Amino acid sequence: MKSIQVGLLGIGTVGSGVFNVLQRNQAEIQRRAGRGIEITMVADLDVARAQAAVGEGVQVVADARAVIANPEIDIVIELIGGYGIAKALVLEAIAAGKHVVTANKALLAVHGTEIFAAASAKGVMVAFEAAVAGGIPIIKALREGLTANRIQWIAGIINGTTNFILSEMRDKGLDFAVVLKEAQRLGYAEADPTFDIEGVDAAHKVTLMSAIAFGIPVQFDKAYVEGITKLGAADIRYAEQLGYRIKLLGITKQTAKGIELRVHPSLIPSKRLIANVEGAMNAVVVNGDAVGTTLYYGKGAGSEPTASAVIADLVDITRLHTADAAHRVPHLAFQPGAMSDTPVLPMGEVVTSYYLRLRVADEAGVLATVTGLLAEAGISIDAVLQREADEVGGEGSTQTDLIILTHDCVEARMDAALAQMQALPTVLQPMVRIRKEELA
Ligand code: HSE
């Protein structure tokens, strides 16, 4: 049988990985897919570099639309990224009746509803395993492997750059800005790391997982997003002393009131497996009512790990493209007519527990006043840690750090209590509030 013909839009790090792995494992992949899968056309603005990467046997063009217009091409892989030209090209490929494979989490998290609707109307597949956690087959696991379950919650370390930075901060006791510079020098962080360090990349990914887990539309605009830029080495150290590690988590949870969708630094107990995921690695914990807790771990980025996910999608499409569209796995796991309108909760309605750090005057009654305000707000304290003033501010210091762990409470109530505590004259610096997840 003739090979499936694939057109590749953008041949950078991931595109080269796709090309190389497809060539290297050609025979094995064909045995699995039932027919050959061949990249026959590549579009890249740097034609000479692209041609050198794929050799003379593959047609290379500068114009991506020439790939989409080629009637021989069955599947278009979009590896351009961003929401601009990539969105137009994906929609044009769909309109031309091509199946699409993309690693573009930003595009799908923001414009997924439009793109999946266009694909369903045209009867083509849009596959995106590589968009979430790189080489980890988490989309496959959520959409198919766990299909018997009511998913209860997902918590993931889904951004390698920030996990690398947090690991280094903990290991070496360094501040964020110092480690970021080092990460950029080593190539772990991009020259413009904003999307990674501000939590946006993780929010794109958890938005996609949330849609698949709960059968809701992709709603990036409803996600709460907080990055790691304000984290201090002191908080990482105090958390450790209390038996916790700080990780940037993407969390989505089904509750009686609605769905939580949030990215922020979180304290997690050091004894949890996911707390021990270090460096640029990714991991996702999924809790389902039947299966219990499951953990997925691996490389969340890089040429061949991401290529592994892209090619898995190519194989899936090769197997399914002749199937009646209604009998394929739905894009978001649930049948399009069976999507839920359960709301995504505003952050004020999220229930979680907290780590608080207050730099306070080391005077009589300060602890009592602070804990009194928490008591008045109905917020229960789980643990308190106070360091000796000398240890915090040097010999003779009259200031100290007061660290409080709370039990669960609704975020709006904590916000109000924080404002009251911050207004106390004995609270000397902006307070630190980090959410805490037991992941039990
Ligand atoms: N920049 C991402 C990360 C990889 O650091 O994990 C691509 O999503």
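**Exercise 1. The largest pocket**

Task: Determine which helices and strands each supply at least two residues of the lining of the largest pocket, and why the pocket lies where it does with respect to domain 1 and domain 2.

Solution.
Step 1. In this predicted model, the elements that each supply at least two lining residues are the helices α1 (13-24), α6 (105-122), α8 (160-172), α10 (194-197), α11 (200-214) and α13 (303-320), together with the strand β11 (281-288).
Step 2. The domains come next: the protein is divided into domain 1 (4-135 + 303-338), domain 2 (138-299) and domain 3 (352-436).
Step 3. Residues of both domain 1 and domain 2 belong to the lining, and therefore the largest pocket lies between these two domains.
Step 4. The lining comprises 42 residues, and those nearest the centre of the pocket are Lys105, Glu190, Asp196, Asp201 and Ala301.
Step 5. Sorted by class, the lining has 18 nonpolar, 16 polar and eight charged residues. The volume of the pocket is about 1,200 Å³.

**Exercise 2. The six-stranded sheet**

Task: State the order of the strands in the open sheet of six strands, and identify its edge strands.

Solution.
Step 1. The order is β3-β2-β1-β4-β5-β6, and the pairing is parallel.
Step 2. The edge strands are β3 (59-61) and β6 (126-127), each of which pairs on one side only.
Step 3. Within this sheet, β1 (residues 4-9) and β4 (residues 75-78) run parallel and are joined by four bridges. Val6 has Ile75 of β4 as its bridge partner.
Step 4. Helices may now be placed against the strands. α1 lies across β1, β2 (37-43) and β4, and runs at about 150° to β2. Helix α3 (residues 47-54) lies across β2 and β3, at about 160° to β3.

**Exercise 3. A hairpin**

Task: Describe how β11 is joined to β12, and state how many residues lie between them.

Solution.
Step 1. Strands of a sheet pair through backbone hydrogen bonds, in either a parallel or an antiparallel manner.
Step 2. β11 and strand β12 (residues 292-299) run antiparallel, with eight bridges joining them.
Step 3. One such pair consists of Met281 and its bridge partner in β12, Lys299.
Step 4. The two strands, β11 and β12, form a hairpin with three residues between them.
Step 5. β11 also appears in Exercise 1, where it supplies at least two residues of the pocket lining.

**Exercise 4. The cavity**

Task: Give the volume of the largest cavity, and name the residues by which it is lined.

Solution.
Step 1. The structure holds one cavity of 30 Å³ or more. The largest cavity has a volume of about 40 Å³.
Step 2. Its lining consists of Leu166, Ser167, Arg170, Ile236, Arg245, Ile246, Lys247 and Glu278.
Step 3. At least two of the lining residues come from α8, and at least two from β9 (244-254).
Step 4. By class, three lining residues are nonpolar, one is polar and four are charged.

**Exercise 5. Domain 2 and domain 3**

Task: State how far apart the C-alpha centres of domain 2 and domain 3 lie, and how many residues of each are in contact.

Solution.
Step 1. The C-alpha centres of the two domains lie 26 Å apart.
Step 2. In contact are 15 residues of domain 2 and 13 residues of domain 3.

Key
Residues numbered from 1 in each chain as written. Predicted model: local features only at pLDDT ≥ 70, side-chain atom pairs only at ≥ 80, totals over all residues. Heavy atoms only, no water. 1 Å grid on protein atoms, 1.4 Å probe; cavity = no way out; pocket = protein on both sides within 12 Å on 5 of 7 lines; lining within 4 Å. Points joined across faces, edges and corners; volume = space filled by probe spheres on them. Nonpolar A, V, L, I, M, F, W, Y, C, P; charged D, E, K, R; others polar. Domains from an automatic or database assignment. Pairing = 2+ DSSP bridges. Contact = heavy atoms within 4.5 Å. Axes fitted to C-alpha atoms, helices over the stretch in contact; angles between N-to-C directions.
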